[in-house]
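Student: I've just opened this one and I'm a bit lost. Could you pick one part and walk me through it closely, then show me how the rest fits around it?

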Amino acid sequence: MSTLDHLVVATPDLSATVAALTAALGVAPVAGGRHDGIGTRNHLLGLAEGGYLEVIGIDTGAPTPAAPRPFGLDTLDAPRLSAWLVRVDGLAAAVGKARAGGHDPGDPRPLGRTTPEGVELRWELATPADTSGVAVVPYLIDWLDSPHPSAALPTVDLVSFTATHPDPERAAAALDALGARLPVARGTSASLTAELSGPGGRITLT
């Protein structure tokens, strides 16, 4: 089965969302870095078992990118648990296997960022063409030879992680094609819900 790599909270106010998470959990997400050419930056918080939470927002100090920012950030008016990613070794092969199973996760593309400590991270990512909605079906990521971002992060516990979808059977078929597991209930819209627990308390992200 595919391994959870990270959850993504997209927010129109990165500083405020980081402060809210810190107050609720008693652990502060750490600055991750800027995504050059995309117009975003992030903060990260480790999750048990090698995953992490990415809090991503607009990089107000960067030029406006040519393409829309991911996760609907250009029009988002409140924080949202927007996506989750699973880790693979060999992205091209994983994409081919998923397509053979009836789900197209998107074409692989190279990305990267430099951490505040000056470490260059490079990875390959497969996402659908439109990333503005909530992704019940995960994106695929291959960290290549880069150190995994979770290695040096403060951690909290991921207590639960679930989803809703108007067509849960179709979502389940796509999850199966990726070798990913996520409980998906029927709902009026696509949504993700995660409960986190830290030394300062618990928070539910939606």
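Tutor: Let's take helix 3 as our part, then step out to a loop and a pocket. Keep in mind that this is a predicted model.

First, some bearings. The protein chain has three helices and 12 strands. Its radius of gyration is 16 Å, close to the 17 Å that the globule rule gives for 206 residues, so the chain is as compact as a globular protein of that length. Along the principal axes, the C-alpha trace spans about 40 × 35 × 35 Å. Buried residues make up 48% of the 206 residues. If you take the contacts with a separation of 6 or more, 64% of them are between residues 24 or more positions apart.

Now zoom in on helix 3, which covers residues 168-178. Its buried residues are Pro168, Ala171, Ala174, Leu175, Ala177 and Leu178. What lies over them? The cover includes strand 5 (80-87), helix 2 (91-100), strand 8, strand 9 and strand 10 (184-186).

Ala177 is a nice one to click on. This residue of helix 3 has a relative accessible area of 14%, which is why it counts as buried, the cut-off being under 20%. Leaving out residues up to four places away in sequence, Ala177 touches Lys97, Ala98, Gly101 and His103. Look at the pair Ala177 and Gly101: they are 76 residues apart in sequence, yet their C-alpha atoms are 4.9 Å apart in space.

For contrast, try Arg170, also in helix 3. Its relative accessible area is 56%, so Arg170 is exposed, since that label needs over 50%. From Arg170 to His103 the C-alpha distance is 9.9 Å, with their positions 67 residues apart in sequence. Just after the helix comes Gly179, which has a positive phi, near 70 degrees.

Next, the loop between strand 8 (139-142) and strand 9 (155-165), where you'll find Ser146. With a relative accessible area of 15%, Ser146 is buried. Its side chain reaches the backbone nitrogen of Arg122 at 2.7 Å. Not counting neighbours within four places in sequence, Ser146 is in contact with Glu120, Leu121 and Arg122. Leu144 sits in that loop between strand 8 and strand 9 too. Leu144 is not a glycine, but its phi is positive, about 50 degrees. At 44% relative accessibility, Leu144 counts as partly exposed.

Another residue with a positive phi is Glu49, at about 70 degrees, and Glu49 is not a glycine either. You'll find Glu49 in the loop between strand 3 and strand 4, and it is exposed, with a relative accessible area of 81%.

Finally, the largest pocket. Its volume is about 620 Å³. The lining is made of 37 residues, and those nearest the centre are Ile38, Pro70, Phe71, Arg109 and Leu125. Two or more lining residues come from each of strand 3 (40-47), strand 4 (51-58), strand 6 (108-114), strand 7 (120-126) and strand 8. By type, the lining has 21 nonpolar, 10 polar and six charged residues. Strand 8 links back to where we began: it helps line the largest pocket, and it is among the elements covering the buried residues of helix 3.

Terms used. Residues numbered from 1 in each chain as written. Predicted model: local features only at pLDDT ≥ 70, side-chain atom pairs only at ≥ 80, totals over all residues. Heavy atoms only, no water. Helix = DSSP H or I, 4+ residues; strand = E, 2+ residues; numbered from the N terminus. Buried < 20%, exposed > 50% of the residue type's maximum accessible area, 1.4 Å probe, protein only. Polar contact = N/O pair within 3.5 Å; in protein donor to acceptor, adjacent residues only side chain to side chain. Contact = heavy atoms within 4.5 Å. 1 Å grid on protein atoms, 1.4 Å probe; cavity = no way out; pocket = protein on both sides within 12 Å on 5 of 7 lines; lining within 4 Å. Points joined across faces, edges and corners; volume = space filled by probe spheres on them. Nonpolar A, V, L, I, M, F, W, Y, C, P; charged D, E, K, R; others polar. Rg over C-alpha atoms; globule rule 2.2 N^0.38 Å.
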